[in-house]
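I opened this entry to record what I looked up in one model. My notes follow in the order of the look-ups.

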Amino acid sequence: MTSVSADPSSKRLSFVVLSVLVLAALIPVLLRRPASENRVVVYCSHDSIFADAVIRRFEDRTGIEVDVRYDEEANKSLGLTNLLIAERDNPRCDVFWNNQTLGTIRLKEHGVLASYSGPGYARIPAAFKDPDGLWAGFAARMRVYIINSNRLPLPANIVGNHAATEAFDLEAVESLLDGKSIDSVAIAIPLFGTTLSHYSVLAAEWGLDRLRAWHQSLHDRGIREARGNGGVKDLVAEGACTVGFTDTDDAFVALQQGKPVRMIPVRLPFSGDAAKDKPDRQRQTIVIPNSVALIAGAGHPQNAKAFIDFLLSEEVELLLANSTSRQIPLGPVDDTKLSDEVRRLMNWAKDGIPLQNAAGENQKVLNWLSSEYTVQ
């Protein structure tokens with residue numbers, strides 16, 4: 001009987017095909033990093049110039065490698081929030097460091113966050129954290145009026161008196177905002193950023209109908225709109241406008257540049273339980289913290305918790321408070337390590353409005369504004 005041998009070329013082809021199939025099956029396994037690997041994946045919408053210093057200090061302190069994804073778009077916190085929702089069933093991120101709060105609260109409603117109440121969480125006041133441990137705020141900015149000191153000079157008899165200056169400025173600004181023409185007032189387009197958060201707070205305090213009427217009144221009376229808070233700061237710092245709505249960090253940029261400006265917090269009357277709890281105080285402020293949250297299904301949960309505790313520490317709040325952005329500590333800190341200007345901001349922040357109600361209005365406000373600006 002004659003045996004029939006296989007064609008050597010056919011054997012080689014079969015081997016190649018089999019090798020390719022095996023490699024294809026192994027590639028996902030080879031590329032997948034084990035959950036125990038000494039790293040943590042962070043999505044971060046905070047400005048990298050400040051976040052990098054914090055991240056490098058954490059890496060040096062712990063030996064844990066931080067893989068950070070920044071989003072540099074103008075609506076960066078919104079972009080990362082939407083990405084986390086899209087990745088909910090297969091998360092790549094361990095920790096979300098948001099430079100605001102409302103988007104983080106929105107993630108709670110989508111089931112993206114996991115609870116963690118560590119030692120960092122414990123030092124943050126209740127007004128600035130989720131009661132179930134799903135997020136916590138820290139190192140805040142505040143909505144303020146930036147005022148051109150040449151266009152709105154202080155009376156000589158109150159210069160250096162903080163309380164008298166604040167009372168004078170608040171009365172002068174509110175009188176200006178009530179005027180027939182406000183073409184010397186500037187505000188950022190409220191479709192994103194902290195101006196969107198500001199509008200969401202107003203919607204929670206006033207209702208959406210009153211907010212719409214206020215917005216329309218601003219435009220009817222000639223308010224000037226800038227692309228962002230930095231643009232508002234420039235208009236006031238250069239004397240093109242008398243007053244602008246912006247954030248503390250932008251106002252400090254102008255002050256550091258030696259521009260003739262000063263600032264006071266945007267204040268709203270207390271309402272509801274807040275009015276009962278603080279009968280000696282008449283106004284509340286709009287405080288917008290950074291926020292941090294653990295992602296449900298995080299691949300590196302222990303490292304993620306270590307990073308969260310570090311962000312919520314006194315050390316990091318002091319680091320950010322003493323940076324050029326002058327972010328406001330929310331937990332207890334050694335105030336001898338703070339500048340006078342930051343201590344003053346901390347006093348204003350004590351009257352901060354809890355943001356949970358504003359988060360419930362955020363999407364409604366965004367839907368309305370998106371329609372409003374599409375028409376325009």
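I took helices as DSSP runs of H or I with at least four residues, numbered from the N terminus. The model is predicted.

**Helix α9.** I began with α9, which spans residues 229-237. I listed its buried residues as N229, V232, K233, L235, V236 and A237. I then went to what comes after α9 and found G239, with a positive phi near 85°.

**α9 against α10.** I next examined how α9 packs with helix α10, residues 248-256. The axes lie 9 Å apart, and the angle between them is about 40°. I therefore entered α9 as oblique to α10, since angles from 35 to 65 degrees are neither roughly parallel nor roughly perpendicular. I noted the crossing of α9 and α10 as right-handed.

Which residues meet across this pair, α9 and α10? From α9 I recorded N229, G230, K233 and A237, and from α10 D250, V253 and A254. By class, the residues of this contact comprise three nonpolar, two polar and two charged.

**S197.** I turned last to S197, which I located in helix α7, residues 193-206. Is S197 buried or exposed? I entered S197 as buried because its relative accessible area is 7%, and the cut-off for buried is under 20%. Setting aside neighbours within four places in sequence, I found S197 in contact with Q100, L102 and I288. With Q100 I also noted a polar contact, side chain to side chain, at 2.5 Å.

How values were computed: Residues are numbered from 1 along each chain as its sequence is written. This is a predicted model: local features need pLDDT of at least 70, side-chain atom pairs count only at pLDDT 80 or more; totals for chains, interfaces and linings use all residues. Side-chain values use heavy atoms; hydrogens and water are left out. Buried means under 20% relative accessible area, exposed over 50%, partly exposed in between (1.4 Å probe, protein chains only). Helices (H or I, at least four residues) and strands (E, at least two) are DSSP runs, numbered from the N terminus. Axes are lines fitted to C-alpha atoms, for helices over the stretch in contact, and angles run from 0 to 180 degrees between N-to-C directions. Angles under 35 degrees count as roughly parallel, over 145 as roughly antiparallel, 65 to 115 as roughly perpendicular and the rest as oblique. A crossing is left-handed if the near helix is turned anticlockwise from the far one by less than a right angle, and right-handed if clockwise. Contact means heavy atoms within 4.5 Å. Ala, Val, Leu, Ile, Met, Phe, Trp, Tyr, Cys and Pro count as nonpolar, Asp, Glu, Lys and Arg as charged, and the others, Gly among them, as polar. A polar contact is a pair of N or O atoms within 3.5 Å; within protein, one must be able to donate a hydrogen and the other to accept it, and residues adjacent in sequence count only if both atoms are side-chain atoms.
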